[in-house]
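This briefing goes through one protein chain, from its overall build down to single residues. Please keep the sequence and the coordinates open while reading.

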Amino acid sequence: MWQKKSIIIIVILMFTTISCIKPPGQMVITNCTIYTLDGNNPIAEAIITADGKIIYVGDEMGSLPYINEDSQIIDLNGGYVIPGLIDAHCHLNGLGKMLEDLNLMETTSIAEIREMVLAKVKETEPGKWIQGRGWDQNKWKDQKFPHWRDLNGTERNPVYLRRVDGHAVWVNNTALELCSIDADTPDPPGGLILRDSAGQPTGVLLDNAADLVKNNLPVPSKEDRRRWFLQAMKECSRLGLTGAGDAGMKREDIEVIKELAEEGKLTMRIYAMLSDEDPDLLEDYFISGPEIGLYDDLLTIRTVKLYADGALGSKGALLCQPYSDQLSTVGINVDSLEYLYDITKRALAAGFQVAAHAIGDSANKIVIDTYQRALQENPVKNHRLRIEHAQVLSEPDIARMAESNIIASMQPTHATSDMPWAEQRLGSERIRYAYAWRTLKDAGVKLAFGSDFPIEYPNPFYGIHAAVTRQDKDNNPPDGWYPEQKMTVMEALQGFTTWAAYAQFQEEETGMIRPGYKADFTIIDRDIFHIPQEQLDDIQVLMTIVKGEIVYSKM
Ligand SMILES: [Zn+2]
């Protein structure tokens, strides 16, 4: 190592006396292995950046002419550099909030959750809402939905606990009373109030029914939102994420993000999708058009997020045939067909991309039908229409996605989180085309990978591990769940870099390490291509660089 350093020092001295013919590099990344994901130049030894972009990628000797006494030399001491990782579908605000709320992600029983809520009640002023997120009845012994009675003893405070997928909430009796939800309350469109045999609410509300409570929660202040975004970005940088596709931003979120950007506080690139929960927001953007590359390419707003159904875990995913474990239901259609079509058509006309949430096979079919109909009427060439999750599909619909160039934005950890119960819900036939990223890819569908945090952990290496192994964090099952769907390490990494960039129209700017591309890098502690695959989720981030600036370092 001292030899490399000596060469660099000698060259710096040389260039202080003779004039330099190459443009000066501001950052020099050296003494490392660089996996560029650029097929023309796959492995390199040094990177030079200037003005937030890459100006050189290659061997160390070739980098020397760019170095002058002002260059910031980053000696990685044998570390590994990959392109900055992008989470194609996530919720920054939700992550920031979750870092503050009760985190129920690791809980495995009702009793454990009740204990946590009781402890929180003790330290919370009476009457103030207690919020939490992450419960999953599939991890409990009887796998049944909980009841408000399971939160007995917490009556001093209204309690609002979101299921891990965000598509169901569990509230206590105080919350039900406060929100006047009783036997006479009708199910709202696109939602379900679960009831006992006497018709009384059980305290679990699915999809749009959650709004009956949600609308009574204290409205987050601007200060809350700022804090959540800042905390979430900090967590992302720690985990090596340099870009996030935020799947559903409201007007207030956009205001806060723009304010933070103006203050120079964005530490990652944000690709914002507009939430359709605020119709006025969509109307305004349909008039003003997309906002691309704001704040030195840190913020882009050019996508509309829609919802065709709920989620599989809470039986809100819309299926063509009834649930295999509950023949009385096919799930929930969140937005009407006509609405999906109308917004898609108008979004395309106004220059927007559409990203529609679809989990069940029926929801996916509806979205593909909608996209095809809209494209037939307005054949936008480079539309990059996306389906978020694309979880349960039929074989013909996979072919239709390929044919219409519809991107599947998938979350590998959803497969490994859902695998203990997904087959029960879907049966042995439908499961073959569920979480089927290999089948999709082989059929010619373009993929993008993400985590959907805070529904899953934000760590992208968990996603890479899940995509490659189809195993949980304990490496079960031994050969992987439906192992024929495995990705290679290269493909998994592309899912979180070049393919995610494509889903954001940014494949010519980011996702690879190549001259002219953005200087976004994730630096890791081990060789991702040569470690045993079960260690992929143990990879540690040493440094995260965005726009040629270090936003996280533990070196
Ligand atoms: Zn999401």
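The notes below are grouped by topic, starting with the whole chain.

The model is predicted. The chain holds 19 helices and 23 strands. With a radius of gyration of 24 Å, close to the 24 Å that the globule rule gives for 555 residues, the chain is as compact as a globular protein of that length.

**Whole chain**

- Taken along the principal axes, the C-alpha atoms fill a box of roughly 90 × 55 × 50 Å.
- Buried residues make up 52% of the 555 in the chain.
- Among contacts with a separation of 6 or more, 73% join residues that are 24 or more positions apart.

**Domains**

- The chain is divided into domain 1, made of 1-83 + 508-555, and domain 2, which covers 102-214.
- Between the C-alpha centres of domain 1 and domain 2 there are 49 Å.

**Helix 7 and helix 8**

- Helix 7 covers residues 222-238 and helix 8 covers residues 251-262; their axes come within 10 Å and cross at roughly 65°.
- The crossing of helix 7 past helix 8 is right-handed.
- On the helix 7 side, K222, R225, R226 and F229 take part in the contact. They meet E252, D253, V256, I257 and L260 of helix 8.
- Sorted by class, this contact between helix 7 and helix 8 has five charged residues, four nonpolar ones and no polar ones.

**R133 and its surroundings**

- R133 belongs to strand 8, residues 130-135.
- Is R133 buried or exposed? R133 is buried, because 22 other C-beta atoms lie within 10 Å and the cut-off for a buried residue is 20 or more.
- Outside its neighbours within four places in sequence, R133 is in contact with M98, D101, L104, R162 and P454.
- N103 is 30 residues away from R133 in sequence, yet the two C-alpha atoms are 5.7 Å apart.
- P454, one of the contacts of R133, is found in the loop between strand 20 (447-449) and helix 17 (460-469).
- The peptide bond leading from F453 into P454 is cis, with omega near 10°.

**D187 and its surroundings**

- D187 sits in the loop that runs between helix 5 (173-178) and strand 11 (191-195).
- With 17 other C-beta atoms within 10 Å, D187 is partly exposed, because that count falls between the 12 or fewer of an exposed residue and the 20 or more of a buried one.
- Which residues does D187 contact, leaving aside its neighbours within four places in sequence? They are L192, I193 and A209.
- L206 is 19 residues from D187 along the chain, and their C-alpha atoms are separated by 9.6 Å.

**The loop between helix 17 and helix 18**

- R470 is found in the loop between helix 17 and helix 18. Its phi is near 55°, a positive value in a residue other than glycine.
- R470 counts as buried, because 24 C-beta neighbours lie inside 10 Å.
- P477 also has its place in this loop, which leads to helix 18 (489-495).
- The peptide bond from N476 to P477 is cis, with omega near -10°.
- D479 is another residue of the loop between helix 17 and helix 18. D479 counts as exposed, because 11 C-beta neighbours lie inside 10 Å and the limit for an exposed residue is 12 or fewer.
- D479 and T469 are 10 residues apart in sequence, and 7.7 Å separates their C-alpha atoms.

**N77 in strand 5**

- N77 lies in strand 5, which covers residues 72-83.
- Phi of N77 is near 50°, which is positive although the residue is not glycine.
- N77 counts as exposed, because 11 C-beta neighbours lie inside 10 Å.

Terms used: Residues are numbered from 1 along each chain as its sequence is written. This is a predicted model: local features need pLDDT of at least 70, side-chain atom pairs count only at pLDDT 80 or more; totals for chains, interfaces and linings use all residues. Axes are lines fitted to C-alpha atoms, for helices over the stretch in contact, and angles run from 0 to 180 degrees between N-to-C directions. Helices (H or I, at least four residues) and strands (E, at least two) are DSSP runs, numbered from the N terminus. A crossing is left-handed if the near helix is turned anticlockwise from the far one by less than a right angle, and right-handed if clockwise. Two residues are in contact if their C-beta atoms, placed from the backbone, lie within 7 Å. Ala, Val, Leu, Ile, Met, Phe, Trp, Tyr, Cys and Pro count as nonpolar, Asp, Glu, Lys and Arg as charged, and the others, Gly among them, as polar. Domain bounds come from an automatic or database domain assignment. The radius of gyration is taken over C-alpha atoms; the globule rule is 2.2 Å times the number of residues to the power 0.38.
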